[in-house]
Amino acid sequence: MRSFRPLKPLLLASLIATFSLPAAAQRDVRFDAHGAPATGTLVLAVEEVAEGASRAGTFARLDAASNGALTRAAASAGFSGKLGSQLELPGMAGYDHILLVGAGSGPADAQRIEQVGGHVGRFAARSRAPQVDVVWDGNEPGAAAQLAFGATLGQYRFDTYRKQREDSPAGQGSLVVRSPEGAAAARSWDGDWQAVAEGVAFARDLVTEPANALYPEEFVARTRAAFAGKPNVSIEVLDVPAMERLGMGSLLAVGQGSVRPPRLMLVRYNGGARGEAPVAFVGKGITFDSGGLSIKGSENMWRMKYDMAGAASATGAVLALAGRGARVNAVAVAALAENMPSSTASRPGDVVRTASGRTYEIMSTDAEGRMVLVDALWYVQRQDNPAVIVDIATLTGAIVTALGNDYAGLFTRDDALATQLQRAGEAAGEPVWRMPMHPGYGKMLESPIADLRNGGGRPGSGTAAHFIGEWVDAGRAWAHLDIAGMAWRDGSEVSTVPMGASGYGVRLFDRFVRDNHER
């Protein structure tokens, strides 16, 4: 019997990437005049009212036309319109399907409208109707685009590796938003919020991809494809020889145990004034984290494909800014490596010299995120002299213990920057919680043979933030975001973030730029 040699790992990964399908087809978003069509599949955003109170708007008109069928159905199910509640009514009032989505009470802000849109999107993703019409009665400025934004985030799916069904697939066709703004709402969507949704989807796709399909070189290739044709964009990529010439021993030390070489990628978008200092988003891009020789336990190691979420979100945020033509200069930095154990891997006890000349002693090869970030921070400061730097990383399990899946950890000594990021997080629906930067953390990182250690006497988010901050120039505005609890949703999803990769950080950074840096 003829024997066959197995495919080499890089060839196998290349074949997987080549034959991959798009992540998932989604419904096209359109905008039309306010009012419900006569038939089809309809979604109504329903304001919350007290028990027994009458309703107005589209609900009331359809209810009257159906002799009170909607009111009876809502009363029977106990549906009041509370935010997030839903009531599905198949074959009701002449429609194939009606979905009532609770919109809450009182004036709706953008975030609440997005939440309603998320529920609409999740329904649309599982519906086989060729068209889903959603009616919003409110007159809030920009509501239709915000509803479409939430729906687009909510309908996200990743079906690349599923067997394609031959019958009519769910979640394809069109989603028509009908509001008092009418078709004019398309201007706000096309020129603004669609680009942000695409940035989130790009980040989610990268994080969801398995590590045999997405590795540092492929991350770069996907980024080049996403930015192709975008004006005012340039991409710089440092390969191993370039990093060696610059003395980037820290990033190289993380990647040296893998057959897949590391990369440092910078995506520069110049939409602001010529020569104006950019905003820099620096992301940890560990495309798979085994822990290296300080190997992790096997339970849930599969999820460590998500350890490049910081780099994905930093890049996705700049994709959003470029896509909507933001009037700002911005740079995304992706510190890309695969952390694997092998005979060439770094060892605990090794001393590493970084590009800045400073050295540190490796206490754990599983503290690799901070290791790749410090060379990236040094380089972007040297090359771009940014006005502000925010690094973003799935860095520590300790932050999950502290904040769960509700907040990212924010570390900074800059009170003004902390306030800006907190406000942006609340407005974007991606909240942050400020954590202390205690002076004592530095004492825990002292080494008897090097300038620092890469971990303290007890592991923690604070010592990790302190270590990273040692490579930031004195006086430069800088913050560190630990998103280990926010980058992946598993059983704690919200309407705009289905289970899996969240793309956390894209909306936060976009809002941060809108509120503080865009001219």
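# Briefing: cavities, cores and two buried helices

The second largest cavity has a volume of about 40 Å³, where a cavity is a set of points on a 1 Å grid over the protein atoms alone at which a 1.4 Å probe fits but cannot get out, and a volume is the space filled by probe spheres set on the points, which are joined across faces, edges and corners. This is a predicted model, in which local features need pLDDT of at least 70 and side-chain atom pairs count only at pLDDT 80 or more, while totals for chains, interfaces and linings use all residues. Residues are numbered from 1 along each chain as its sequence is written, and side-chain values use heavy atoms, with hydrogens and water left out.

**Cavities**

- The second largest cavity is lined (an atom within 4 Å of a point) by Gln26, Thr152, Leu153, Tyr156, Ala197, Ala201 and Arg204.
- Two elements, α5 (143-154) and α6 (185-208), each give two or more residues to this lining, and the largest share, three residues, comes from α6; helices here are DSSP runs of H or I with at least four residues, numbered from the N terminus.
- The lining of the second largest cavity divides into four nonpolar residues, two polar and one charged, with Asp, Glu, Lys and Arg counted as charged, Ala, Val, Leu, Ile, Met, Phe, Trp, Tyr, Cys and Pro as nonpolar, and the others, Gly among them, as polar.
- Two cavities of 30 Å³ or more are found, and the largest holds about 60 Å³ of space.
- Among the residues lining the largest cavity are Ala253, Gly292, Asn339, Ser346 and Met371, and this lining has seven nonpolar residues, five polar and no charged.

**Nonpolar cores**

- The largest nonpolar core, a set of buried Ala, Val, Leu, Ile, Met, Phe, Trp, Tyr and Cys residues joined through side-chain atoms within 4.5 Å, has 140 residues; buried means under 20% relative accessible area with a 1.4 Å probe, protein chains only.
- Residues with the most contacts inside the largest core include Trp136, Phe219 and Leu481.
- Leu481 touches (heavy atoms within 4.5 Å) residues that include Val390, Leu410, Leu508 and Phe509, leaving aside those up to four places away in sequence.
- A second, separate core of 17 residues includes Leu42, Leu44, Phe79 and Tyr95.

**Helices**

- Helix α16 (residues 506-516) is largely enclosed by the rest of the structure, because eight of its eleven residues are buried, among them Leu508, Phe509 and Arg514.
- In helix α10, 14 of the 15 residues are buried, so α10 is likewise largely enclosed by the rest of the structure.
- α10 is followed by Gly325, whose phi is positive, near 65 degrees.

Terms used
Buried < 20%, exposed > 50% of the residue type's maximum accessible area, 1.4 Å probe, protein only. 1 Å grid on protein atoms, 1.4 Å probe; cavity = no way out; pocket = protein on both sides within 12 Å on 5 of 7 lines; lining within 4 Å.
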